[in-house]
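Visitor: I would like a close look at the aromatic side chains in this model, please. Could you walk me through them at your own pace?

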Amino acid sequence: MKKPLFRWQLLNLQQVVFRLLVLLVFVLPLSIPLSSCLFSVTMICALIDQYQRRNQMATEILPKKLKYALYALMAISFVSLAFSGNIFASAFNYAYVVSQHIGCFWLVLHYASKKREPLVLLKSFLLSAFVVATYGIFQYIAGTAVLNTEWVDVSQFPELKERVYSTLQNPNILGTFLVVTIGYCIGVFSALPGGKRRIALITIFLVSCGCLLLTFSRGNWVSMFVVLLTYAVFFYRKALLPFLGGGALIAYFAWDLLSNRLMSIFQTEDTSVALRFSYVESTIAMIKDSPWGVGWYGYMYAFPDYDFYLQNPDVPMYHCHNLFLNITAELGIQGLVTFLAIVCLLVREAWFLAHADVEPWRKGIGRGYLMSMIGIAVSGLTDHTLFNIQLGMLFWLLNSLLAVCAANARQRVGEP
């Protein structure tokens, strides 16, 4: 009997979903329309696969406290729709945005929890981040990063002609994305013993830092400083001197522009800063009047009643430029407490993973998660970039990635 000239080996649907998920992680920072289409295809394939394997026993990955906290946040967000000034618009946004957040979290739990699958996802994210940062630098050099007057007070910064935004929607969103990237680069770097992988991480780190400077995003500059300082103190003290030396070089060559931009954080003459202070004041008043929240995606419909600064109802204000105040305003105090509980539980898992006796890359994911969360928390004091669909999906993807790595590590060391 003759052997066939070609032997076709068909991938099973589970492998297809994983490969689609890897592609989704890569595409997510590059294009919202493409990533939304890819997410839909991935979810359809995953649901078909789950139906085909419906008789198989599912393995519990998430700790019970974390699982129940996630359910509580979903329920609080859903119930909050009743308090929105436009229930239809809020419900539509909830269905579109939250479904993608839940879907990303679920996909990683079910299709990227075995062996080296989390590492493949991490590589896909870092490779995409390198593309985003490289394009941002090219954007600045080519002069295509045209300054949007809504992004900076031109009268305060006449020398500032460009702010890069790369493939993301504005410089502040790009800045937070790069801070997260930097956090993972240094976290994994400190855990690896050496070799080419460290060189690749240094390259991505330097390109990301360069692009971050060109965003001229003050809050994210401060965030990067806190991340690097925390990293040097807790995980890699050898980096303290290079960190201080690099900062001194940057300050020497661009002191006038950088210092002027940084010091403006405390000057209300800058309309951007004055606006943020007014948002905080308005949002605090909103929270006092509606402690149960104004509903998911309801901030923009409640804001006109508290707008004492702009006093222009035709200008939509989607969020208050503060992550924690915005969550409280929309989901109420109970929403903020639940969100912070989830973050604390995940940080606890990350701290365990960062010091566990596991593969270096898993330890690096734990450290990278800690650094990225510090970055998001600091930048969240001056902006709410998780409002962006790309960063929101990435946030929950990385949360789930951390959860599966920590669960695997606990199984290996025999801890509950």
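Visitor: To begin with, which residue lies over the face of Tyr-51, and at what distance from the ring centre?

Guide: Happy to help, and please keep in mind that this is a predicted model. The residue over the face of Tyr-51 is Arg-54, placed 4.1 Å from the ring centre. A charge also sits above a ring at Phe-189, where Arg-198 lies over the face at 4.1 Å from the centre.

Now to rings that meet other rings. A pair of aromatic rings is described by the distance of the centres and the angle of the planes. With centres within 6.5 Å taken as the limit for a pair, the count comes to 15 aromatic pairs. One of them joins Trp-106 and Tyr-111: their centres are 6.1 Å apart and their planes make an angle of 70°. Because an angle over 60 degrees counts as edge-to-face, that is the label this pair receives. Its two members can be told apart by accessibility: Tyr-111 is buried, at a relative accessible area of 3%, whereas Trp-106 is partly exposed, at 22%.

Tyr-297 and Tyr-301 make another edge-to-face pair, with 6.3 Å from centre to centre and 75° between the planes. Here Tyr-297 has a relative accessible area of 18%, and it is classed as buried because the limit is under 20%. Its partner Tyr-301, at 29% relative accessibility, counts as partly exposed. Tyr-297 also deserves a look at its backbone: phi is positive, about 65°, although the residue is not a glycine. You will find Tyr-297 in the loop between helix 10 (271-289) and helix 11 (299-302).

Ring pairs can also link up into a group, and here they join Phe-105, Phe-339, Phe-395 and Trp-396 into a cluster.

Another aromatic residue with a backbone to check is Phe-216, a non-glycine residue whose phi is positive at about 55°. Phe-216 belongs to the loop between helix 7 (196-215) and helix 8 (218-234), and it is buried, with a relative accessible area of 4%.

From there, we can step to a polar residue. Asn-172 is located in helix 6 (residues 171-191) and is buried, with 17% relative accessible area. Its side chain makes a polar contact with the side chain of Arg-163, at 3.2 Å. Leaving aside neighbours within four places in sequence, Asn-172 is in contact with residues including Ser-217, Asn-220, Arg-276 and Asp-383.

Conventions:
Residues are numbered from 1 along each chain as its sequence is written. This is a predicted model: local features need pLDDT of at least 70, side-chain atom pairs count only at pLDDT 80 or more; totals for chains, interfaces and linings use all residues. Side-chain values use heavy atoms; hydrogens and water are left out. Rings of Phe, Tyr and Trp (its six-membered ring) pair if their centres lie within 6.5 Å; planes under 30 degrees apart count as stacked, over 60 as edge-to-face and the rest as tilted. Buried means under 20% relative accessible area, exposed over 50%, partly exposed in between (1.4 Å probe, protein chains only). A charge sits over a ring if NZ of Lys or CZ of Arg is within 6 Å of the ring centre and within 35 degrees of the ring normal. Helices (H or I, at least four residues) and strands (E, at least two) are DSSP runs, numbered from the N terminus. A polar contact is a pair of N or O atoms within 3.5 Å; within protein, one must be able to donate a hydrogen and the other to accept it, and residues adjacent in sequence count only if both atoms are side-chain atoms. Contact means heavy atoms within 4.5 Å.
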